[in-house]
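Hi,

Here is the structure I promised to pass on to you. Have a look at it first, and then read on for what turned up.

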Amino acid sequence: MTTPVIELREVSRRYNDGPPALHEASLTVRPGEAVAVLGPSGSGKSTLLNLVAGLDRPDAGSVTVEGVRVDRLGEAGAARYRRSKIGMVFQFFNLLDDLTVTDNVVLPARLAGMARGEADRRAAQLLETLGIDRHARAYPGRLSGGERQRVAVARALMNRPPLLLADEPTGALDTAAGQDVSKLLTDLNSEGQTIVVVTHDLALARSCTNRTVRIADGRITEDLMSPAVAPEAVR
Amino acid sequence: MSALGKVVRSGVGRRRVQTLVIGLATMMAVAASVLGGSLLVVSGAPFADAFAEQRGAHLSVEFDAGQVSAGRLSESADTEGVSSAAGPFRTATVAPTSDGAGSGWPMTVVGRGDPGRDVDEVALLDGRWPTRSGEIVLSAGSSLIPTLGMKLTFPGLSGGPTLTVVGVARSVTQTADAWVVPSQMPALTAPGSGGYQMLYRFTDAATAGQITAGAKAVTKDLPTGAAVGKQSWLTVKKNAERDTALYVPFLIAFGALGLVMSVLIVGNIVAAAVGAGTRRIGILKAIGFTPAQVVRAYVGQALIPAAVGTALGVLAGHLLAVPVLAETEEVYGSSSLTIAPWVDAAVISGVLGLVAATAWASAWRAGRLRTVDALAVGRGTSMRRGRWAARLAGRLPLPQPVALGLARPFARPARALAMGTAVLFGTIAVTFTVGMVASLGEVMKAKAHDVADVTVPAPMPDFGPQSPASQKKPRADPAAVAAAIEAGAGTAKHYSAATVRATVSGVTGTVDVIAFTGDASWGGYTMVSGRWTDKPGEAVVPTPFLAATGTRIGDTVTVNGLDRPVTVRIVGEVLDPRNDGMQVFTDAKSLAGAHPDLTETSHHIAVASGTDVTGYVDALNKDLAPLGATAQAGGLGRGSDMVVTLNSLSAILTLMLVAVAALGVLNGVLLDTRERVREIGVHKALGMTPRQTVAMVLTSVVVTGLVAGALGVPLGVTLHGWVFPAMGDSAGLRLPDSVIAVYHGAELFPLALGGLLIATLGALLPAGWAARARTATALRTE
């Protein structure tokens, strides 16, 4: 049996005095899986993603990613963990508008101390692979939504992370661009990249993941190893 | 509470750091302005008031009674340009002793039948004017402590007259040390001595040139050499205002720095606060606030902390002014100086008006924004500026956080400029203060003349009745002490300095004549111009002496009050503010024929290289013990209240300005960090550690701090080069290069780095906040 990439054990998280954002959630993701986390707004999807990314800490339970107890990391440790173990793709891209596409993409590698030349070569390779190398010297503001999200994916893959986390990666894109990103994620997964996608987008979940996890009111209500997703599940 | 009130209150509470920064910056601006303004006001007031009230003499001239008659002097009152005159009054230099005290100090006595009216009306402070022989009125500033009923005897005069002190008075133009009725004067005048005093008021007497012209006019028909001394009211005024005037250029510099800096920072903070609240303004307008209400709300938010800061600043300004005003009060005796209420009122209204105007201008612009545009602020991105800098920094072989930080100022050049200006003024203040402390140190060194390794201090002069015990105490014989020093093993060189009180014609009060035996040129005397004395008959004098006597290097002066007048030629100008600069340094042989009292002699010794000073002092003291003298290690350095006050004030004002500068940076970086919270969140999500975040924020002020520091140092040096000579001028001192050129290359570099330090200090807190910001929250921030 392969070592899980993600292992959540009875993880709970509550904000202030409100209801639990996540309640005793357990989840295991193995290498090469593409998991869609589905659920309505406020169900706890983003909380789960933040806990896996080390952006937040659980009140109870454990979060282990690639053998690292993420819930025990301090701020600096969590930052180093994010650099080496995960790549993140956001709904609104979160590209830095005053940096060129290349400079955005090399950022995680440069933060990790990679030499500029090596980082540039890796970025050029990624941009070419993702089909946006012609925009290497452009600023993000000049790109379309789909192109921006490709840049974000390139940035996320820069440090060759074992895990790619995507938070509503098509949420800010039109249908065509959404399909484009969906195909990109599928291709990446087919090459062995472990992916966790938090999304409302059923089409995305169907097209690029091989497992769906449903969350409602902070609890994992369903965990299916099939790409078939019932529409009512995400209402 | 009205809706507007609630918005103002919540705005003040919500932006706590900005509220604090506005309050502190305002407080410091007000404190510096109250202090500076008050000192400027009081510096001239007491003398001007007293001079006008007593119709002080623009010029007092001392004439040799042997060369000109009283009748001819009376005619000089009719000279063109003379508006009124008093005199001639008989004058004499006497050396009275009081109630059997020790040797008396010389003083100028003038015979006047009454206190006068049209010119130099002497103000009686206590007692009455003498009405007959045997009575005397002492000046409040006399070397004898004036006490009614005190008996004065005149040992040097035949007949041994005894006078009773019947009053204490003050002449605003210091025309005498004491007054008696004219009939008393023959008894106080030694045969062949004495003079006449004429007091003049001129129609035009505002400048030194006009006084000189007036002096020429009144003496032109008199025999050459008849006028043996002159005193201009401008000299007296300068002396009277010296202590306070010393502060004026210093406070103007600090006041201007503080005010400009605070205006910039308060303006920047208020403008930034309004700018940062533009979206909130949009929301307020969307829910029904009129543009005018929005403007009032934001002006109110700025005025509340500014009002609190102003109140605290007025308090701080008053407290800081206390020691300076106390110095001024000392100059004028009983005068009780307080801060003029109108200064407070002007500063309060000026500063609050300024804050209100700045806030209004910024809020008005925001208030005019279309609601929909105001609401859209912060959603879009417009980071077009500074891309070239980001690209360039990215190519540098630097860690990524450093590269990102270095490029930041170019993305917000206006904000970087505002921060840089704050740091610039802070650096100027620090540079200026460092220079001032060093210059004052040089002045004190020149004053102390304490380069000697070992000193044998002079015995204290007697003031008042001698007790039987003091009469029994043996007086050290200066020659015997000098011989013991000469014979001491380890003595390399030595000289002795005897202080002798004398008078100089035309100048009231005593002059200290410092008579040297041996070469004193190595004793730490700082020459302004000319040279040190080479032979008997030569003298060096401080600048105020030259000014008071109207002499220059190459002129001669006659020292009176000893057994016979002694004329010396001035060969050098020395920096020495002691005794208000009224000193004459000469070789002891110059006074040989005048038989001065050399009791008050100090000895200054340089020991041979390698000699243990402590062992030398112990050995010398064994030899000196039988002579009644004691040696001590080091010179006769004495502190100065004024230097302590100036150093303390400059330290406080500098700290205030540095704090304001750091607050300006803090505010700028804080705004920047808030604006970039999402960007910082992205960086952190990509793996930026807290330490890297701190590095990024701190390096964002590095360029600003370095540039401001590099510019601030030369400006601070320039300011010092302007202010310190002006301070010296106020004190009547010409300052040599050794006092002005106090900055050395090795000091300038750390001073330039001071700008970086101020910037870093200001950025530390926001950097910490940025490092601690929750990434998940930051990423959700609009």
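Let me start with one helix. Eleven of the 13 residues of α5(A) are buried, so the helix is largely enclosed by the rest of the structure. Before you go further, keep in mind that this is a predicted model. The buried residues of α5(A) include E147(A), R148(A), Q149(A) and R150(A), and also V151(A), A152(A) and L157(A). What lies over them? The cover on the buried residues of α5(A) includes strands β6 and β7 of chain A, along with helices α3 (101-111), α4 (116-129) and α6 of chain A. The length of the helix works out too: at 1.5 Å a residue, the 13 residues of α5(A) should span 18 Å, and the end C-alpha atoms are 18 Å apart, which agrees.

Just past that helix there is a residue to click on. R160(A) sits in the loop that links α5 (145-157) to β7 (163-167) of chain A. Its phi is near 50 degrees, which is a positive value in a residue other than glycine. Is R160(A) buried or exposed? With 10 C-beta neighbours inside 10 Å, R160(A) counts as exposed, because the cut-off for exposed is 12 or fewer.

Chain B has a residue that makes a nice pair with it. R55(B) also has a positive phi, near 45 degrees, and is not a glycine. R55(B) is in a loop as well, between α2 (16-54) and β1 (59-64) of chain B. Here, though, there are 20 C-beta neighbours inside 10 Å, so R55(B) counts as buried.

Back to chain A as a whole. It has seven helices and ten strands, and 51% of its 235 residues are buried. Take the contacts in chain A between residues at least 6 apart in sequence: 67% of these join residues at least 24 apart.

Some of those strands form an open sheet of six, in the order β6-β7-β8-β3-β9-β10 (chain A), with mixed pairing. At its edges are β6 (86-89) and β10 (219-224) of chain A, each of which pairs on one side only. From one strand to the next the twist averages 20 degrees. If you zoom in on one edge, β6(A) and β7(A) run parallel and are joined by four bridges. One pair to look for there is I86(A) with its bridge partner L163(A) in β7(A). Helix α6 (residues 175-190) of chain A lies across β3 (34-38), β7 and β8 (194-199) of chain A, at about 150 degrees to β8(A).

There is also an open sheet of four strands, ordered β2-β1-β4-β5 (chain A), and here the pairing is antiparallel. β2 (20-29) and β5 (68-69) of chain A stand at the edges with a single partner strand each, so one side of each has no neighbour in the sheet. Strand β1 (residues 6-14) of chain A pairs with β2(A) over six bridges, in the antiparallel sense. To find your place in that pair, look for V11(A), which stands opposite A25(A) in β2(A).

Now to where the two chains meet. The contact takes 25 residues from chain A and 23 residues from chain B. On the chain B side, α11 (387-395), α12 (400-411), α19 (677-685), α20 (690-699) and α24 (775-780) each supply at least two residues. That side of chain B divides into ten nonpolar, eight polar and five charged residues.

Next, the cores. Which residues touch the most other members of the largest nonpolar core? Among its 220 residues, those are A661(B) and V665(B). Helix α13 (residues 413-448) of chain B gives this core its largest share, 16 residues. A second, separate core has 45 residues, including A169(B), A176(B), Y200(B) and I211(B). As for V665(B), its contacts beyond four places in sequence include M419(B), A422(B), V423(B), V701(B) and I758(B).

One last thing in chain B: A213(B) is in helix α5 (residues 208-219) of that chain. With 15 other C-beta atoms within 10 Å, A213(B) is partly exposed. A213(B) and G81(B) are 132 residues apart in sequence, yet their C-alpha atoms are 9.4 Å apart in space.

Happy browsing!

Technical notes: Residues numbered from 1 in each chain as written. Chains lettered and ligands numbered in written order. Predicted model: local features only at pLDDT ≥ 70, side-chain atom pairs only at ≥ 80, totals over all residues. Core = buried A, V, L, I, M, F, W, Y, C linked by C-beta atoms within 7 Å. Contact = placed C-beta atoms within 7 Å. Pairing = 2+ DSSP bridges. Axes fitted to C-alpha atoms, helices over the stretch in contact; angles between N-to-C directions. Nonpolar A, V, L, I, M, F, W, Y, C, P; charged D, E, K, R; others polar. Expected span 1.5 Å × (residues − 1).
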